[in-house]
Amino acid sequence: MKFKLLLPALLVYAGNLFAQNTTENTFNTFANRQSQLIRKAYDERNDTEVIKLMSDLTVRYNQLDAANQRMYKPYINNNWYNISCLYALINKKPEALNTLDSAAHYGYSNYSHLLEDTDFNNIKNEPKFKQIAQALRAVGDYKYILQKGEKYNDKDARPVPAFNYQAANDANLVALRKQFKLDSIADKGDEASKAINLLKWVHNTVNHDGQHESGIKLINANEIISKATSQKIGVSCGELATTLNECYLAMGWKARKVYCFPKDSLNIDFDSHVINVVYLPSLKKWVWMDPTNNAYVRDEHNNLLGIAEVRQRLIDNQPLVLNEDANWNNRSKITKADYLDNYMAKNLYMVYSPLKSAYNYETRDKDRTITYVTLLPLDYFKQSPDKSENTNKETHLTIERYKTNNEAAFWKLSN
């Protein structure tokens, strides 16, 4: 039951690697074929054949270099999981538990699927199954991980530079506002409706593509919009967030691009997400805006929420309401259960933002310094160094990163 041939993350995030060279394409083709044959052996309840197929897949997998083993690991953990299902169905309990343990060892982490899977009904009361399930919960139950990592330290006094926001009278922002007639797009409603109108415009103007690099070198709204529309290409969630962020700045609002990441203690999760917050003076708060999914969030009283509020409500199991027209590329509806309870619960473990919110700030030009500040919960396993620098020897581009546990300092308009 609920046989899974391939993890969705592998399909989405390995796309670029699959196209890189013949070796990788050959392995991908082989692994897909083996997975199909394992499915067939599962249907036929043929445990002898399934182990032979898995052995052949493992041999080929072990011939890959470390980077590709990391990328293609879902083929291994997912098939071990399916083999465990087969053993459980034919009542070979020790084999079922051992192969489930192998799936977990190779990074299988879908805790909720494990609990729901009726293939394991005859072993769910076994002590080893409970032990494996608890271990999976620590890496695959995203609300549980958030709850464990809830606490910050607002007394953390590590030095963090002040966030700052480019004024709307900057020449580039003035040109952006005029070129795309942002005042007309925002329309004449209150601040919240104007911010939502701009969100919808960016979402409807530029498509999202999470599988391929856009090739856009200048990280600013003008370049992203013009290249995406003229070349009919999609862009990353980060490029969409840059576009919306600069539109908000052009309208005179303070806004941030926010990178949202999972805990991922096993270093197997390739996925993250980038959204925006905009500070609306009339509401005296940051408000969540996600141009990739045309999404914003309210509470049960219809109040718009920011990232910190959504995160805490996920932890406390309080009501969250996603706008009805949230969608991906105007093709697929986005649901609260998938988007907030699962996807963003995973990716709200830690967040970081550029220190400066400004036109073209993240373009990787020569002789530049780009600074980020990361907000970490106290249970994250890499709390130091407080500040790090990485400089490219050829371009002299420096990336600075500061860490803090101080939630109040991170979300303060300006320190």
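Reader: What does Asp-47 form a salt bridge with, and how far apart are the closest N and O atoms?

Author: In this predicted model, Asp-47 pairs with Lys-92 in a salt bridge whose closest N and O atoms are 2.7 Å apart; the term stands for a side-chain nitrogen of Lys or Arg within 4 Å of a carboxyl oxygen of Asp or Glu. Asp-47 belongs to helix H4 (residues 47-62) and Lys-92 to the loop between H5 and H6, so the pair ties together parts that are 45 residues apart in sequence. Helices (H or I, at least four residues) and strands (E, at least two) are DSSP runs, numbered from the N terminus.

Reader: And how many salt bridges does the structure hold?

Author: The structure holds 21 salt bridges.

Reader: Okay, what about H4 and H5, at what angle do they cross?

Author: Their axes come within 11 Å and cross at roughly 170°, where axes are lines fitted to C-alpha atoms, for helices over the stretch in contact, and angles run from 0 to 180 degrees between N-to-C directions. That makes H4 roughly antiparallel to H5, since angles under 35 degrees count as roughly parallel, over 145 as roughly antiparallel, 65 to 115 as roughly perpendicular and the rest as oblique. Among the residues in contact (heavy atoms within 4.5 Å) are Asp-47, Val-50 and Met-54 of H4, and Tyr-72, Ile-76 and Trp-80 of H5.

Reader: Which classes of residue make up that contact of H4 with H5?

Author: By class, the contact has 12 nonpolar, three polar and three charged residues; Ala, Val, Leu, Ile, Met, Phe, Trp, Tyr, Cys and Pro count as nonpolar, Asp, Glu, Lys and Arg as charged, and the others, Gly among them, as polar.

Reader: Then how do H5 and H6 pack?

Author: Helix H5 (residues 66-89) and helix H6 (residues 93-105) pack at about 165°, with their axes 8 Å apart, and they are therefore roughly antiparallel to each other. The contact includes Trp-80, Ser-84 and Tyr-87 of H5 together with Ala-96, Thr-99 and Leu-100 of H6, and by class it has eight nonpolar, four polar and one charged residues.

Reader: What is the angle between H6 and H8?

Author: H6 and helix H8 (residues 127-140) pack at an angle of about 10°, their axes being 10 Å apart, and that makes H6 roughly parallel to H8. On the H6 side, Leu-97, Asn-98, Leu-100, Asp-101 and Ala-104 meet Lys-128, Phe-129, Ile-132 and Leu-136 in H8.

Reader: Changing topic, which residues does the cis peptide bond join?

Author: Ser-384 and Pro-385 are joined by a cis peptide bond with omega of about 5°, and Pro-385 sits in the loop between strand S11 (369-375) and strand S12 (387-391). Separately, Asn-330 has a positive phi of about 55° although it is not a glycine, and Asn-330 lies in the loop between strand S7 (327-328) and strand S8 (332-333).

Reader: Last thing, what is the mean pLDDT of the protein chain?

Author: The mean pLDDT (the predictor's confidence in each residue, from 0 to 100) is 92, and 93% of the residues reach 70 or more. Over residues 4-22, however, the pLDDT is below 50, and this stretch has 42 contacts in the model beyond near neighbours in sequence. Local features need pLDDT of at least 70 and side-chain atom pairs count only at pLDDT 80 or more, while totals for chains, interfaces and linings use all residues. Residues are numbered from 1 along each chain as its sequence is written, and side-chain values use heavy atoms, with hydrogens and water left out.
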